[in-house]
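Me: I keep meeting labels such as "buried" and "salt bridge". Could you explain how each one is earned, using the structure below?

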Amino acid sequence: MRDALGRDIDYAMLIKLYGESADKEGRYSAPTCIGRRTEEIIGFPKAEHISTCTSSARTFRCAWACAASRGSRTAFSKKIENHQHAIAIYFMHYDFVRVHQTLRCTPAMAAGVVETH
């Protein structure tokens with residue numbers, strides 16, 4: 001991070017602490033989050049700006065990776081312009097059409113970019 005962005009940034013990590021899995025019978029179940037701690041990495045980040053945005057970004061990246069994997073099939077065009085258009089359509093749908101479960105609206109509505117009816 002320091003090599004890429006220099007020392008003129010404020011960067012911190014929010015580290016989630018997990019306990020044991022709730023399921024003791026050996027089947028997989030997600031462990032419960034038992035706490036969080038912050039770690040300042042570079043600069044002097046303000047505590048109120050250290051949040052779970054990374055989790056949102058990771059969720060989005062996973063959704064995009066799943067959608068993009070469909071484009072790796074040989075049936076799709078190999079032209080870069082067509083891939084750029086596919087990415088633009090995906091982002092448009094993600095931001096303006098898809099109602100997100102946690103927001104209960106689209107990201108564009110949550111940001112106030114578009115009017116809600």
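Reply: The answers below take the labels one at a time, for a model that is predicted.

Me: What makes up the protein chain in terms of helices and strands?

Reply: The protein chain has 4 helices and 2 strands. Read from the N terminus, the order of the elements is α-β-β-α-α-α.

Me: Why is threonine 106 called buried?

Reply: The relative accessibility of threonine 106 is 2%. Buried means under 20%, so threonine 106 counts as buried. Threonine 106 sits in the loop between helix 3 and helix 4. Leaving aside neighbours within four places in sequence, its contacts are Asp95, Phe96, Val97, Arg98, Val99 and His100. In the protein chain, buried residues make up 12% of the 117 residues.

Me: Why is arginine 98 called partly exposed?

Reply: Arginine 98 has a relative accessible area of 39%. Partly exposed covers the range between the buried limit of 20% and the exposed limit of 50%, so arginine 98 gets that label. Arginine 98 lies in the loop between helix 3 (80-97) and helix 4 (107-110).

Me: How do you know that arginine 98 makes a polar contact with histidine 100?

Reply: The two side chains make their polar contact at 2.9 Å. The cut-off for a pair of N or O atoms is 3.5 Å, so the distance of 2.9 Å passes.

Me: Which residues does arginine 98 touch, leaving aside its neighbours within four places in sequence?

Reply: Arginine 98 is in contact with His93, Cys105, Thr106 and Pro107. As for alanine 108, 10 residues along the chain from arginine 98, the C-alpha atoms of these two residues are 9.8 Å apart.

Me: Why is valine 113 called exposed?

Reply: Its relative accessible area is 58%. Exposed means over 50%, so valine 113 qualifies. Valine 113 is found in the segment after helix 4. Together with Met92, Phe96 and Val97, valine 113 makes a nonpolar surface patch of about 390 Å².

Me: What makes tyrosine 90 and phenylalanine 91 an edge-to-face pair?

Reply: A pair of aromatic rings is described by the distance of the centres and the angle of the planes. For tyrosine 90 and phenylalanine 91 the centres are 6.1 Å apart and the planes are at 80 degrees. The centres must lie within 6.5 Å, and planes over 60 degrees apart count as edge-to-face. Both conditions are met, so the label holds. By this rule there are 2 aromatic pairs, and ring pairs link Tyr90, Phe91 and Tyr94 into a cluster.

Me: Are these two residues buried or partly exposed?

Reply: Tyrosine 90 is at 16% relative accessibility, so it counts as buried under the 20% limit. Phenylalanine 91 has a relative accessible area of 32%, so it is partly exposed.

Me: How do you know that arginine 37 and glutamate 39 form a salt bridge?

Reply: Their side chains meet at 3.3 Å, N to O. A salt bridge needs a side-chain nitrogen of Lys or Arg within 4 Å of a carboxyl oxygen of Asp or Glu, so this pair counts. A search of the whole structure finds 1 salt bridge. Arginine 37 is partly exposed at 41%, and glutamate 39 is partly exposed at 31%.

Key: Residues numbered from 1 in each chain as written. Predicted model: local features only at pLDDT ≥ 70, side-chain atom pairs only at ≥ 80, totals over all residues. Heavy atoms only, no water. Buried < 20%, exposed > 50% of the residue type's maximum accessible area, 1.4 Å probe, protein only. Contact = heavy atoms within 4.5 Å. Polar contact = N/O pair within 3.5 Å; in protein donor to acceptor, adjacent residues only side chain to side chain. Phe/Tyr/Trp six-rings, centres within 6.5 Å; stacked < 30°, edge-to-face > 60°. Patch = residues over 30% accessible without salt bridge, like charges linked within 9 Å, V, L, I, M, F, W, Y side chains within 5 Å. Areas by Shrake-Rupley, 256 points an atom, 1.4 Å probe, with all protein chains shown as cover.
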